[in-house]
Amino acid sequence: MQRLTVLYVAQCSLCVHLRHWLLRQRQLVPLELVPAASDEARRRFPALDHESTLREITVIGDRGQVYRSTAAWIVCLWALAEYRPRAHWLSTPAGQPFAKVTVLAAAKYREITAAPCEGRCELPVAPG
C-alpha cells in the first residue's frame, strides 16, 4: 500500500481535530485527508456511497480497498510510525472491543455536534 485517503466530516470539530492530529504524525504510509461528500471526494471516488461517508469514517486504499468504521480507524493508526504496533493489537480479538467502543463513541459525538453539510463539506482552514 502506497497511500491512503481518509474521508472525514469537515463540519465535525472532533473530525477536524483528528485530521490535524493525523497530519502531525510521522506517516509510514502517506495519508491524504479529504472532506467526506465534498466535490473532491465525489470526483475521486464516484462509485462510493458518499452519504454513508458522512456517518462513518471511511478510508480508501490506493488499490480501491474501502475500510469503514473500526477497520478505517485501525488502518489510519497502522499508517503511523508510532501507532502501528497498537493498530496490530486493535485488530486482534483482544483489541477489537476497544477499537469498536472508540469508534462508536466518536460517531455518537459527531452525530450530536456536527453541523449538516448539505452535500457541500469543504476543507477547513488549518489553525495558524
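Modeller: Accessible areas are calculated here by the Shrake-Rupley method with a 1.4 Å probe, and for residues only the protein chains shown count as cover. The model itself is predicted.

Biologist: What percentage of the area that the protein exposes do carbon and sulfur atoms supply?

Modeller: The protein exposes about 7300 Å² in this predicted model. On the side of the residues, 41% of the 128 in the protein are buried. Of the exposed area, the part supplied by carbon and sulfur atoms is 56%.

Biologist: In what order do the elements of the protein run from the N terminus on?

Modeller: The protein has six helices and four strands. Among contacts between residues at least 6 apart in sequence, 65% join residues at least 24 apart. Read from the N terminus, the order of the elements is β-α-β-α-α-β-β-α-α-α.

Biologist: Which element gives the most to the largest nonpolar core?

Modeller: That core has 28 residues, and Leu31, Val59 and Leu77 are those with the most contacts inside it. At least two of its residues come from each of strand S1 (4-8), helix H1 (13-24), strand S2 (31-35), helix H4 (69-78), helix H5 (84-90) and helix H6 (96-113). With six residues, the element that gives the most to this core is H4.

Biologist: How many of the ten residues of H4 are buried?

Modeller: Buried means under 20% relative accessible area, and H4 is mostly covered. The residues of H4 that meet this cut-off are Thr70, Ala72, Trp73, Ile74, Val75, Cys76 and Leu77. Out of ten, the number buried is therefore seven.

Biologist: Which residues of H4 does Val59 touch, apart from residues up to four places away in sequence?

Modeller: Val59 is one of the residues with the most contacts inside the largest nonpolar core. Among its partners are Leu4, Thr5 and Val6, and also Gln65, Val66 and Tyr67. Helix H4 covers residues 69-78, and the partners of Val59 that carry numbers in this range are Ala72, Val75 and Cys76.

Biologist: How many residues make up the second, separate core?

Modeller: Besides the largest nonpolar core with its 28 residues, there is a second core that is separate. Its members include Leu7, Val34, Phe45 and Ile60, and its residues number seven.

Biologist: Where does Glu40 form its salt bridges, and in which helix do Glu40 and Arg43 lie?

Modeller: Side chains of opposite charge can pair when their charged atoms come close. Glu40 pairs with Arg43, the closest N and O atoms being 2.8 Å apart, and with Arg44 at 2.7 Å, N to O. Glu40 and Arg44 are four residues apart and so are separated by about one helical turn. Glu40 and Arg43, being three residues apart, are likewise separated by about one helical turn, and the helix that holds them is H2.

Biologist: Is Arg43 buried or exposed?

Modeller: Its partner Glu40 is partly exposed, with a relative accessible area of 30%, and Arg44 is also partly exposed, at 29%. The cut-off for exposed is over 50%; because Arg43 has a relative accessible area of 57%, Arg43 is exposed.

Biologist: Which residues are linked in a network of salt bridges?

Modeller: The count of salt bridges comes to six. Glu40 has a salt bridge with Arg43 and another with Arg44. The network that contains these residues consists of Arg3, Glu32, Glu40, Arg43 and Arg44.

Biologist: How far apart in sequence are the parts that the pair of Glu56 and Arg68 ties together?

Modeller: Glu56 and Arg68 form a salt bridge in which the closest N and O atoms are 3.8 Å apart. Glu56 is partly exposed, with a relative accessible area of 25%, as is Arg68, with 28%. Because Glu56 lies in the loop between helix H3 (50-53) and strand S3 (58-61) and Arg68 in strand S4 (residues 66-68), the sequence separation of the parts is twelve residues.

Biologist: Which residue offers the backbone oxygen that the side chain of Thr53 reaches?

Modeller: Thr53 lies in helix H3 and is buried, with a relative accessible area of 1%. Leaving aside neighbours within four places in sequence, Thr53 is in contact with residues including Leu7, Val9, Leu48 and Arg68. At 2.6 Å, the backbone oxygen that the side chain of Thr53 reaches belongs to His50.

Biologist: Which residue has its backbone oxygen 2.7 Å from a polar atom of the side chain of His50?

Modeller: His50 also lies in helix H3, and at 4% relative accessibility His50 counts as buried. Beyond neighbours within four places in sequence, the contacts of His50 include Ala37, Ala41 and Arg42. The backbone oxygen at 2.7 Å is that of Phe45.

Methods. Residues are numbered from 1 along each chain as its sequence is written. This is a predicted model: local features need pLDDT of at least 70, side-chain atom pairs count only at pLDDT 80 or more; totals for chains, interfaces and linings use all residues. Side-chain values use heavy atoms; hydrogens and water are left out. A nonpolar core is a set of buried Ala, Val, Leu, Ile, Met, Phe, Trp, Tyr and Cys residues joined through side-chain atoms within 4.5 Å. Buried means under 20% relative accessible area, exposed over 50%, partly exposed in between (1.4 Å probe, protein chains only). Contact means heavy atoms within 4.5 Å. A salt bridge is a side-chain nitrogen of Lys or Arg within 4 Å of a carboxyl oxygen of Asp or Glu. A polar contact is a pair of N or O atoms within 3.5 Å; within protein, one must be able to donate a hydrogen and the other to accept it, and residues adjacent in sequence count only if both atoms are side-chain atoms.
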